[in-house]
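Work through the following exercises with the sequence and the model open side by side. Try each task before reading its solution.

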Amino acid sequence: MIRREVPVEEAIGLALAHDMTRIVPGEFKGRQFKRGHVVREEDIPVLLDMGKRHLYILELEAGELHEDDAAVRMAQAIAGEGVELSEVSEGKVILRAKRDGMLWVDARRVTAMNTIDEISIATKRPFQHVTRGTSLAAVRPIPLVIAEDKVRAVEVIASQAQKRAVIDVLPYQPQKVRIVTTGSEILHGRVEDKFGPVLRAKLARYGIQDVHQVFVGDERDRIADAIVEACEKGATLVLVTGGMSVDPDDRSPGAIRDAATEVVTYGTPMLPGAMLMLAYRNDTAIFGLPGAVIYDPITSFDRVLPRVLTGLRVRKRDIAVLGVGGWLNA
């Protein structure tokens, strides 16, 4: 790279080598001049107000990339089909959701890319629900000019044989949800059910409308039979509400074990919602939902549900790692 400084007053007619940011405290922060802009006489006062007394003139050598070109190449390498790219600005490309779904991030590959000197790839927390247009990540090189070999190394990591892109938005699969509500007090009308409305509202956020609810009381065998019946009738997701504590009258965990072919976990390293249970009967996911789901806007259920809706099989380790960041209270 050949870089020379030119006094602002002598830069008229020269093209800018990079985007230039202007900051007006409390009013504006953004690109004032775009890379390639040819400096005009009327630009000189603005540049001086921005604190710019000299401008760079660049001549790239073989094996070098301008920050804009590097950012575009890296973004294209890591983005999946559910992601769209912003225009490059100030050496940065923003990745946005092209559709509603769950944010997928291959943490191993992103970490490997960020170990390359002068590379910066920042993402939002993976496995969360995102809507179309949501920003997911930003990609940029640190310097104005970067060695092409470093960008190529990012591209090599991104191309490693994997089922999915480094960053993507996974769509949700069609769902047939059955709510199995426990509690004799609800079955006999002594207490109004609160779970049904809350769960329908949560599921609607994911576009799920096929929801049916049954009330079964507190008997373990009746709860288990209702779960099995729901699975046999094609339910893709069964939500068992209530009866998840350690009280002797709470029979839901035992009933779920009776009905399941695999129990992933009873209990999570997340609060609220530590008493959450997740199991499977063949390919049907079964959640045991604690009372926190009614009262708290974000619980362990909200952290795990998007994975299940995409069809990802959740394992015990997937739950264990959620303890880091698992204190969900504001």
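**Exercise 1. A strand pair**

In what sense do strand S2 and strand S3 pair, and over how many bridges?

Solution. The model is a predicted one. Start with the ranges: S2 covers residues 20-24 and S3 covers residues 28-33. The two strands pair in the antiparallel sense, over 5 bridges. To check the register, find Met20, whose bridge partner in S3 is Phe33. Then look at the connection: S2 and S3 make a hairpin, with 3 residues between them. In that turn, Gly26 has a positive phi of about 80°.

**Exercise 2. The domains**

State which domains are assigned to the protein chain, and find what distance separates the centres of domain 1 and domain 3.

Solution. The assignment gives domain 1 as 2-59, domain 2 as 64-170 and domain 3 as 177-323. Taken over C-alpha atoms, the centres of domain 1 and domain 3 are separated by 59 Å.

**Exercise 3. Two helices**

Describe how helix H3 (residues 107-114) and helix H4 (residues 148-158) are placed against each other.

Solution. First take the axes: they come within 10 Å and cross at roughly 165°. Angles over 145 degrees count as roughly antiparallel. H3 and H4 are therefore roughly antiparallel to each other. The crossing of H3 and H4 is right-handed. Next list the residues that meet: H3 contributes Arg109, Ala112 and Met113, and H4 contributes Val154, Ile157 and Ala158. Sorted by class, the residues of this contact are 5 nonpolar, 1 charged and no polar.

**Exercise 4. An open sheet and its helices**

Give the strand order of the sheet formed by 6 strands, then place helices H8 and H10 on it.

Solution. The sheet is open, its order is S15-S14-S16-S19-S18-S17, and its pairing is mixed. At the edges lie S15 (211-217) and S17 (262-266), each of which pairs on one side only. With direction ignored, neighbouring strands of the sheet are turned by 15° against each other on average.

Now take one pair inside this order. S18 (residues 277-281) and S19 (residues 284-289) run antiparallel and are joined by 5 bridges. One check on this pairing is Arg281, whose bridge partner in S19 is Thr284.

Finally add the helices. H8 (residues 252-259) packs on the sheet and touches S14 (177-182), S16 (237-241), S17, S18 and S19. The direction of H8 makes about 25° with that of S18. H10 (residues 300-310) also packs on the sheet, where it touches S16, S18 and S19. The direction of H10 makes about 170° with that of S19.

Terms used
Residues numbered from 1 in each chain as written. Predicted model: local features only at pLDDT ≥ 70, side-chain atom pairs only at ≥ 80, totals over all residues. Heavy atoms only, no water. Pairing = 2+ DSSP bridges. Helix = DSSP H or I, 4+ residues; strand = E, 2+ residues; numbered from the N terminus. Axes fitted to C-alpha atoms, helices over the stretch in contact; angles between N-to-C directions. Contact = heavy atoms within 4.5 Å. Parallel < 35°, antiparallel > 145°, perpendicular 65-115°, else oblique. Left-handed = near helix turned anticlockwise from the far one by under 90°. Nonpolar A, V, L, I, M, F, W, Y, C, P; charged D, E, K, R; others polar. Domains from an automatic or database assignment.
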